[in-house]
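Student: I should like a close look at a single part of this structure, beginning with one helix and its surroundings. Please then connect that part to the surface patches, the charged contacts and the loops.

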Amino acid sequence: MDVSPTLWVLTIVGLSVLIAVDFFIGRKPHDVSIKEAGIWTIVWIVLAALFGLGLLIWGGGQAGGEFFAGYITEKSLSVDNLFVFVLIMAKFAVPSQYQQRVLLVGVLIALVLRAIFIAAGAAILASFSWVFYIFGAFLIWTAWKLIQEARADEEDEEYEENKLLKAAERRFGVADRYHGTKLWIEQNGKRVMTPMLVVMLAIGTTDVLFALDSIPAIFGLTQDPYIVFTANAFALMGLRQLYFLIGGLLKKLVHLSYGLSIILGFIGVKLVLHALHESGVHVPEISIPVSLGVICAVLVVTTLTSLRASRKQAEAEAAGRGEDPVKNDIDV
C-alpha cells in the first residue's frame with residue numbers, strides 16, 4: 001500500500017483517541033466483571049474488523065487479507081502473553097482493582113516498543129532480502145522449541161524480573177507497598193518508584209520477548225509496515241479485556257502451544273519460500289487466502305481439542321475423588 005504521512009498521522013491519532021476513551025471509561029480503579037470484559041473485547045474485535053473492511057474497500061483484497069491474517073496471528077500469539085501476565089500479577093501481588101490500570105499502561109509501553117521493532121524490521125527487510133531466510137529459520141526453530149516445551153509438561157515457573165527491570169529498581173528504589181495508582185512517591189526524602197510502576201514496566205518489557213516471535217511472524221504474512229503496525233495495535237489493545245475474560249480458562253487451552261507452533265512453523269516455511277522466490281528460484285508461494293485459512297483452521301482445531309482434553313481430565317479427576325462429574329460441572 002502507498003500510505004501517505006497524513007494517513008499515518010490520522011491512524012495514530014485515531015488509535016490514541018480510542019485508547020484515551022478506553023482509559024477515561026475505566027479510569028476509576030475497580031474489579032473488572034466478566035460482562036465488562038466481554039463487552040470491551042467485542043468492541044475491540046469489531047473495531048479491528050471495521051478497520052480491516054476499510055482496508056479491503058480502499059486498499060484492495062490483498063491489503064485486507066493481509067491485515068486479517070496478521071491480526072488473527074498476532075491475536076492468537078498474544079494469548080500466550082496472558083500466561084506470563086498472570087505470573088507477573090501474582091509475583092507483584094497486584095490488587096485486583098488495580099490490574100486493569102497496570103495492563104493498560106503496560107500494553108501501551110509494549111505497543112511503543114513494538115513500533116520501534118516494526119520500523120527496524122521494515123528497514124532491514126527493505127535493504128536486505130536475505131533476512132527473510134533468517135526470519136523463516138528463526139520461526140521454524142521457535143516452533144520446534146514450543147513443541148519441546150509442551151511435551152516436557154513442566155509446571156508453570158515463577159516470573160523472574162529481567163535485567164532492565166532490576167537495574168531500574170536498583171537505580172531508583174521501590175516503595176514497600178502500593179500507594180493507589182501513584183507511580184512515584186517521596187520516601188525518606190528520596191523519590192522512589194511504587195510497585196505499581198514496577199509491574200507496569202514488567203508487563204511492557206516482557207512483551208518485547210514475545211515480539212521477537214510475533215514481529216517476524218507477521219512480516220511473513222505482509223511486508224507493509226502500515227498493516228504490520230495496525231494489526232499489532234488492534235491485537236494488543238484488546239489484550240487487556242481478554243485477560244479478564246479468559247483468565248480463568250487459560251489453563252484449559254492445553255494444546256495452545258502445539259497450535260502456535262504449527263502456525264509459526266507454517267509462516268516460517270512461507271518466509272523461506274518467499275526468500276527463495278526473491279532469489280530467483282522457481283518455488284511455489286503460499287497465498288494470503290491459504291495462509292488465512294490455515295491459521296483459522298489450526299486455531300479452531302486447537303481450541304476444540306484443548307477443551308475436550310481438559311474436560312476429560314476434569315472428569316477423570318472427579319471420578320478419582322468419587323465425585324459426580326456432571327454435578328461437579330453444575331456446581332462450578
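Tutor: A suitable place to begin is Ile140, which lies in helix α5, a helix spanning residues 131-152. Ile140 counts as partly exposed, because its relative accessibility is 37%, a value that falls between the 20% limit for buried residues and the 50% limit for exposed ones. Between Ile140 and Gln97 there are 40 Å from C-alpha to C-alpha, and the two residues are 43 positions apart along the chain.

This is a predicted model, and its confidence should be stated before going further. The chain has a mean pLDDT of 83, with 92% of its residues at 70 or more. Among the elements of the chain, the highest mean pLDDT, 91, belongs to helix α8 (residues 225-237), while the lowest, 50, belongs to helix α12 (residues 325-331).

From helix α5 we may turn to helix α6, which covers residues 163-172 and supplies the largest share of a positive surface patch, namely 3 residues. The patch is formed by Lys91, Lys163, Lys166 and Arg170. One of these, Lys166, is found in helix α6. Its relative accessible area is 34%, so Lys166 is partly exposed; patch membership requires over 30% and no salt bridge. Ala167 is also found in helix α6. Ala167 has a relative accessibility of 32% and therefore counts as partly exposed.

Ala167 also offers a way to relate this helix to another part of the surface. The C-alpha atoms of Ala167 and Leu56 are 46 Å apart in space, and the residues are 111 apart in sequence. Leu56 belongs to a nonpolar surface patch that it forms with Ile42, Val46, Leu50, Leu53, Ile57 and Trp58; together these residues have about 780 Å² of accessible area. Ile42, a member of that patch, has its place in helix α2, residues 34-58. With a relative accessible area of 54%, Ile42 is exposed, because the limit for that class is over 50%.

The charged contacts come next. The count of salt bridges is 1. Glu74 and Arg114 form this salt bridge, and their closest N and O atoms are 3.1 Å apart. The pair links distant parts of the chain, 40 residues apart, with Glu74 in helix α3 (residues 61-91) and Arg114 in helix α4 (residues 99-127). Both partners, Glu74 and Arg114, are buried.

The loop between α3 and α4 contains Ala93. The phi angle of Ala93 is near 50 degrees, a positive value in a residue other than glycine. Most residues other than glycine have a negative phi. Ala93 is exposed, because its relative accessible area is 55%.

A second positive phi occurs at Asn188, near 55 degrees, again in a residue other than glycine. Asn188 lies in the loop that joins β1 (184-187) and β2 (190-193). At 81% relative accessibility, Asn188 counts as exposed.

How values were computed:
Residues are numbered from 1 along each chain as its sequence is written. This is a predicted model: local features need pLDDT of at least 70, side-chain atom pairs count only at pLDDT 80 or more; totals for chains, interfaces and linings use all residues. Side-chain values use heavy atoms; hydrogens and water are left out. Patches are made of residues with over 30% relative accessible area and no salt bridge: like charges are joined within 9 Å, nonpolar side chains (Val, Leu, Ile, Met, Phe, Trp, Tyr) within 5 Å. Accessible areas come from the Shrake-Rupley method with a 1.4 Å probe; for residues, only the protein chains shown count as cover. A salt bridge is a side-chain nitrogen of Lys or Arg within 4 Å of a carboxyl oxygen of Asp or Glu. Lys and Arg count as positive and Asp and Glu as negative; His and the chain ends are not counted. The place of a charge is taken as NZ of Lys, CZ of Arg, CG of Asp or CD of Glu. Helices (H or I, at least four residues) and strands (E, at least two) are DSSP runs, numbered from the N terminus. Buried means under 20% relative accessible area, exposed over 50%, partly exposed in between (1.4 Å probe, protein chains only). pLDDT is the predictor's confidence in each residue, from 0 to 100.
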